[in-house]
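Me: Please take a close look at the interior of this structure and at whatever bonds and packs it together. I should like one connected account, with the cut-off behind each term.

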Amino acid sequence: QVQLVEYGGGLVQPGGSLRLSCVGSGVAFSRYPTISMSWYRQVPGGERELVARISSYGISTNYADSVKGRFAIIRDYRKNTVDLQMNSLKPEDTAVYYCNARVDLLDFWGQGTQVTVSS
């Protein structure tokens, strides 16, 4: 029904920037503007936590307190993508980042992409 693929992870120095991209496809994505899209992250042994969410039609966004002012979630309705622009990265941002789509109260996930912030 929904397939999500993330791109853009990697190694970056503290203070640097990275942009993650998630491309969605599948039957449900014919109505992409109606789908709420999010980015989550997870560290080994930890719970998956919400980083940023953008609502259907991009009406609203919300961010984890730890990333406010540094990260931005951006939708492209022509490409069915949702990006996460990450600036002023810190070592504690190191995690596997997952793209999420919520369709009719069902959650779909990408495979995850590793982000490592280290000097």
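Reply: A search of the whole structure finds one disulfide (a pair of cysteine sulfur atoms within 2.5 Å). The structure is a predicted model, in which local features require pLDDT of at least 70 and side-chain atom pairs count only at pLDDT 80 or more, while totals for chains, interfaces and linings use all residues. Residues are numbered from 1 along each chain as its sequence is written, and side-chain values use heavy atoms, with hydrogens and water left out.

The disulfide joins Cys-22 to Cys-99, with an S to S distance of 2.1 Å. The pair links distant parts of the chain, since Cys-22 belongs to strand E3 (residues 18–25) and Cys-99 to strand E9 (residues 95–103), 77 residues apart. Helices (H or I, at least four residues) and strands (E, at least two) are DSSP runs numbered from the N terminus. The torsion about the S-S bond of Cys-22 and Cys-99 is about -80°, so the disulfide is left-handed. Both Cys-22 and Cys-99 are buried (under 20% relative accessible area; exposed is over 50% and partly exposed in between, with a 1.4 Å probe and protein chains only).

Cys-22 also appears among the contacts of Asp-83, a residue of strand E8 (residues 81–86). Asp-83 has 13% relative accessibility and therefore counts as buried. Its side chain makes a polar contact of 2.9 Å with that of Arg-19 and another, of 2.8 Å, with that of Ser-21. A polar contact is a pair of N or O atoms within 3.5 Å; within protein, one must be able to donate a hydrogen and the other to accept it, and residues adjacent in sequence count only if both atoms are side-chain atoms. Leaving aside neighbours within four places in sequence, the contacts of Asp-83 (heavy atoms within 4.5 Å) also include Leu-20, Trp-39, Ala-72, Ile-73 and Ile-74.

Trp-39 leads on to the nonpolar core. A nonpolar core is a set of buried Ala, Val, Leu, Ile, Met, Phe, Trp, Tyr and Cys residues joined through side-chain atoms within 4.5 Å. The largest one has 31 residues, and those with the most contacts inside it are Leu-4, Met-37, Trp-39, Val-82, Leu-84, Met-86 and Tyr-97. At least two residues of this core come from each of E3, E4, strand E5 (49–54), E7, E8, E9 and strand E11 (113–117). Strand E9 supplies the largest share, five residues. Not counting residues up to four places away in sequence, Met-86 touches Gly-16, Ser-17, Leu-18, Leu-20, Arg-70, Phe-71, Tyr-97 and Val-115.

The aromatic rings come next. The structure holds three aromatic pairs. Rings of Phe, Tyr and Trp (its six-membered ring) pair if their centres lie within 6.5 Å; planes under 30 degrees apart count as stacked, over 60 as edge-to-face and the rest as tilted. Phe-29 and Tyr-32 form a stacked pair, 5.2 Å centre to centre with 20° between the planes. Phe-29 counts as buried at 4% relative accessibility, and Tyr-32 counts as buried at 1%. The ring centres of Tyr-32 and Tyr-77 are 5.8 Å apart and their planes stand at 55°, so this pair is tilted. Tyr-32 lies in the loop between E3 and strand E4 (36–42) and Tyr-77 in the loop between strand E7 (71–76) and E8, so the pair ties together parts that are 45 residues apart in sequence. Tyr-77 is partly exposed, with a relative accessible area of 35%. Ring pairs thus link Phe-29, Tyr-32 and Tyr-77 into a cluster.

Tyr-32 has a further partner: Arg-75 lies over the face of its ring, at 4.3 Å from the ring centre. A charge sits over a ring if NZ of Lys or CZ of Arg is within 6 Å of the ring centre and within 35 degrees of the ring normal. Arg-48 is placed likewise over the face of Trp-109, at 4.6 Å from the ring centre.

Two loop residues deserve a note on backbone geometry. Ser-88, in the loop between E8 and E9, has a positive phi near 50° although it is a residue other than glycine. At 41% relative accessibility, Ser-88 counts as partly exposed. Asp-104, in the loop between E9 and strand E10 (106–109), is not a glycine either and has a positive phi of about 50°. Asp-104 is exposed, with a relative accessible area of 55%.
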